[in-house]
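Q: Hey, I've got a protein model open and I'm not sure how to read it. Can you walk me through?

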Amino acid sequence: MASEQVRITDVGPRDGLQSQKTLVPVAGKLALIEALWGAGMPAIEATSFVSPQAVPQMADADALLPAIAVPAGRSLSALVPNQRGLERALRAGCREIAVVLSATETMNQRNIRMGLDEAIATARDTLRDAQAQGLATRAYIAVAFACPFEGNTPTDRVHALSVAMAEAGAGEIVVADTIGAAAPCDVQRVVQALLASLPAQTLGLHLHDTRGMALANAWQGLQMGVRRFDASIGGLGGCPFAPGAAGNLATEDLALLCAQAGLDTQLDMEALVRAIDVAETLVGYPVGGRSLRWIRQNLPALARPSAAQAGAASTPR
Ligand code: COA
Ligand code: ZN
């Protein structure tokens with residue numbers, strides 16, 4: 001019997017690299033993306049078409065995106081903050097975009113220099129134009145749990161914005177814990193509210209590990225039927241406009257959790273570890289999720305499909 005699928009979008013090349021001070025050359029980003037495809041990654045968010053002054057690391061998006069070969073059946077997306085970004089993405093041959101709407105007034109101001117109302121209108125217009133061009137779309141609801149400037153985010157606001165983005169045609173609503181402030185009880189509350197209005201298949205969770213709860217939060221989402229997650233190879237990440245945001249949920253930690261839960265991510269652990277090595281070379285310091293040491297010790301047994309239940313490798317003799 002085929003096991004149930006969990007779809008991971010690796011956002012390492014975008015969210016993971018955007019706050020790195022040292023510019024990573026296009027060739028390095030291509031090597032990382034190639035390694036992620038090689039591990040079987042179904043979806044990658046490769047870059048963002050944002051202002052190069054705002055995020056210098058993403059200034060090469062126009063050159064990077066067209067250079068990426070996308071294997072059949074995989075998705076390659078880019079974040080766009082406005083219609084100018086969408087135009088650039090289209091010129092680069094992009095077929096899937098993500099808009100970003102923060103749930104608070106101040107975070108929108110800091111991130112994209114718009115108030116909440118203007119940010120909603122911009123996200124709607126961008127989604128409409130993207131769909132008219134036949135693009136697949138995702139909509140981030142950023143700071144969905146807490147905002148570094150306004151504190152806890154009201155659940156009803158996250159609900160209203162998510163429904164608004166779904167009505168605007170977004171194919172996936174990505175609920176983002178941008179600063180990694182949520183605990184599983186918060187995920188439970190927000191996801192439960194959203195499931196009252198949106199089907200689980202359209203919901204994604206984007207988690208950061210600032211308080212060490214990203215994996216527990218992912219588990220909470222899995223328990224509630226969420227099957228789409230953003231994660232970042234080696235746990236790279238952080239938003240330059242959200243003080244205190246640490247790295248993303250590490251792809252390898254989520255992949256291992258899913259494997260042990262009998263959920264299929266289509267990822268090959270051995271190749272995933274090679275992608276982590278590439279990421280480490282690019283940033284120049286040790287990276288890796290909480291499970292990486294154990295994963296390395298248990299390769300190649302873990303990589304064998306027959307041993308996909310990771311528990312098999314850890315059973316004491
Ligand atoms: N890509 C490149 N340049 C863009 C752009 C885009 N998507 N959108 C606007 N610009 C340019 C304008 O053309 C203008 O250029 P000019 O000064 O040469 O005329 C300049 O940026 C300012 O335009 P304006 O509309 O006033 O933008 P802004 O300064 O208010 O910045 C954003 C708005 C959205 C472009 C900027 O805040 C941004 O890129 N934010 C992204 C932040 C981010 O990536 N966060 C992390 C991911 S959530
Ligand atoms: Zn993020």
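A: Sure, overall form goes first. With 317 residues, a compact globule would have a radius of gyration (taken over C-alpha atoms; the globule rule is 2.2 Å times the number of residues to the power 0.38) near 20 Å, and the protein has 18 Å, which agrees.

Q: And what does the C-alpha trace span along its principal axes?
A: About 60 × 40 × 35 Å.

Q: What should I know about where these values come from?
A: This is a predicted model, where local features need pLDDT of at least 70, side-chain atom pairs count only at pLDDT 80 or more, and totals for chains, interfaces and linings use all residues. Residues are numbered from 1 along each chain as its sequence is written, chains are lettered from A and ligands numbered from 1 in the order in which they are written, and side-chain values use heavy atoms, with hydrogens and water left out.

Q: How many helices and strands are there?
A: The protein has 13 helices and 10 strands (DSSP runs, H or I of at least four residues for helices and E of at least two for strands, numbered from the N terminus).

Q: OK, the ligand. Which residues come nearest to ligand 1?
A: Ser-51, Asn-82, Arg-84, Arg-88 and Asn-111, out of 18 around ligand 1 (a heavy atom within 4 Å counts as near).

Q: What kinds of residues make up that shell?
A: The shell has 9 nonpolar, 5 polar and 4 charged residues. Helix H4 (83–91) gives the most, with 3 residues, and helix H5 (105–112) supplies at least two.

Q: Which backbone atoms have polar contacts with ligand 1?
A: A polar backbone atom of Phe-49 is 3.0 Å from a ligand nitrogen, and one of Val-50 is 3.3 Å from a ligand nitrogen. For Ser-51, a backbone N or O atom lies 2.7 Å from a ligand oxygen. Polar contacts with the ligand are pairs of N or O atoms within 3.5 Å.

Q: New topic: where's the cis peptide bond?
A: Between Leu-299 and Pro-300, with omega about 0°. Pro-300 is in the loop between helix H12 (292–298) and helix H13 (311–314).

Q: And what about phi of Arg-113?
A: Phi there is near 60°, a positive value in a residue other than glycine. Arg-113 lies in the loop between H5 and helix H6 (116–132).

Definitions and conventions: Polar contact = N/O pair within 3.5 Å; in protein donor to acceptor, adjacent residues only side chain to side chain. Nonpolar A, V, L, I, M, F, W, Y, C, P; charged D, E, K, R; others polar.
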